[in-house]
Amino acid sequence: MLISTKGRYALRVMLELAQGEPGECMPLPVIAQRQGISEKYLESILAVLSKAKLLDALRGKGGGYRLSRPAGSYTAFEILSLTEGTLAPVTCLESGQQCENAANCRTLPLWQGLDRVIAEYLGSYTLADLVT
């Protein structure tokens with residue numbers, strides 16, 4: 001499993017917002033400058049996070065982005081699953097996939113265990129944990 005730049009940046013952006021004042025919006029250019037991410041690339045990441053309702057996007061003067069929930073309610077697993085699409089270590093464990101060899105696969109329990117460990121580990125870290 002390799003976490004993409006998009007996933008790593010999404011987690012960094014969410015942390016940046018979690019460190020701000022609750023309810024306060026942060027403009028896209030400020031986030032981009034603080035995180036060293038191009039505004040164009042950051043826009044695409046923020047669009048994904050906003051569409052999934054992880055962020056509130058407010059337009060106009062004083063607008064920008066803010067967390068839609070308390071920082072302690074977001075897990076690293078939630079954010080990375082959204083941006084990565086899947087965190088499954090092998091394709092046969094991706095949602096909706098059914099391996100034709102599953103009944104005879106001696107390695108399937110190994111991959112299922114690894115998948116559980118990844119989900120539990122990333123699910124055990126919240127944005128609030130990472131801020132402190």
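**Talking through a predicted model**

Colleague: Leaving aside its neighbours within four places in sequence, which residues is Thr 126 in contact with?
Modeller: Keep in mind that this is a predicted model. Thr 126 sits in the loop between α5 (108-123) and α6 (127-131). With neighbours up to four places away in sequence left aside, the residues in contact with Thr 126 are Ala 71, Gly 72, Tyr 74 and Thr 75.

Colleague: And is Thr 126 buried or exposed?
Modeller: Its relative accessible area is 14%. The cut-off for buried is under 20%, so Thr 126 counts as buried.

Colleague: Stepping back, in what order do the elements of the chain run from the N terminus?
Modeller: The chain has 6 helices and 2 strands to place. Its C-alpha trace spans about 60 × 30 × 25 Å along the principal axes. Starting at the N terminus, the order is α-α-α-β-β-α-α-α.

Colleague: Among contacts between residues at least 6 apart in sequence, what percentage join residues at least 24 apart?
Modeller: For some background, the chain has 132 residues, and 34% of them count as buried. Take the contacts between residues at least 6 apart in sequence; the share joining residues at least 24 apart is 64%.

Colleague: Which is it for α1 and α3: roughly parallel or roughly perpendicular?
Modeller: Helix α1 (residues 5-18) packs with helix α3 (residues 39-51) at about 75°, and their axes are 10 Å apart. Angles of 65 to 115 degrees fall in the perpendicular class, so α1 and α3 come out as roughly perpendicular.

Colleague: How do the residues of the contact of α1 with α3 divide into nonpolar, polar and charged?
Modeller: On the α1 side you've got Thr 5, Lys 6, Tyr 9, Ala 10, Val 13 and Met 14, and they meet Tyr 41, Leu 42, Ile 45, Leu 46, Val 48 and Leu 49 in α3. Sorted by type, the contact of α1 with α3 has 10 nonpolar, 1 polar and 1 charged.

Colleague: What about α4 and α5, are they roughly perpendicular or oblique to each other?
Modeller: Helix α4 (residues 76-84) packs with α5 at about 120°, with 6 Å between the axes. The perpendicular range is 65 to 115 degrees and the antiparallel one is over 145, so α4 and α5 are oblique.

Colleague: How many residues in the contact of α4 with α5 are nonpolar?
Modeller: Ala 76, Phe 77 and Leu 80 in α4 meet Ala 119, Leu 122 and Gly 123 in α5. Gly is counted among the polar ones. For the contact of α4 with α5 this leaves 1 polar and no charged, and the nonpolar count is 5.

Colleague: On to the strands: which residue in β2 does Leu 55 stand opposite?
Modeller: Strands β1 (residues 55-58) and β2 (residues 64-67) run antiparallel and are joined by 4 bridges. They form a hairpin with 5 residues between them, and Gly 60 in its turn has a positive phi of about 85°. Opposite Leu 55 stands Leu 67.

Colleague: Which residue does Asp 56 meet in a salt bridge?
Modeller: Asp 56 is partly exposed, at 28% relative accessible area, and the partner is partly exposed too, at 26%. The N to O distance is 3.5 Å, and the partner of Asp 56 is Arg 66. Asp 56 lies in strand β1 and the partner in strand β2, so the pair ties together parts 10 residues apart in sequence, and the name you want is Arg 66.

Colleague: How far apart in sequence are the parts tied together by Arg 34 and Glu 16?
Modeller: Arg 34 and Glu 16 form a salt bridge, with the closest N and O atoms 3.0 Å apart. Glu 16 is buried, at 11% relative accessible area, and it also touches Met 26 and Gln 35, among residues more than four places away. Arg 34 is in helix α2 (residues 28-35) and Glu 16 in helix α1, so the separation of the tied parts is 18 residues.

Colleague: How many salt bridges does a search of the whole structure find?
Modeller: Besides those with Asp 56 and Glu 16, there's one between Arg 69 and Glu 78, at 2.7 Å between the closest N and O atoms. The search of the whole structure gives a total of 3.

Colleague: What phi does Lys 53 have?
Modeller: Most residues other than glycine have a negative phi. Lys 53 lies in the loop between α3 and β1 and is exposed, at 62% relative accessible area. Although not a glycine, Lys 53 has a positive phi of about 70°.

Technical notes
Residues numbered from 1 in each chain as written. Predicted model: local features only at pLDDT ≥ 70, side-chain atom pairs only at ≥ 80, totals over all residues. Heavy atoms only, no water. Axes fitted to C-alpha atoms, helices over the stretch in contact; angles between N-to-C directions. Parallel < 35°, antiparallel > 145°, perpendicular 65-115°, else oblique. Contact = heavy atoms within 4.5 Å. Buried < 20%, exposed > 50% of the residue type's maximum accessible area, 1.4 Å probe, protein only. Pairing = 2+ DSSP bridges. Salt bridge = Lys/Arg side-chain N within 4 Å of Asp/Glu carboxyl O.
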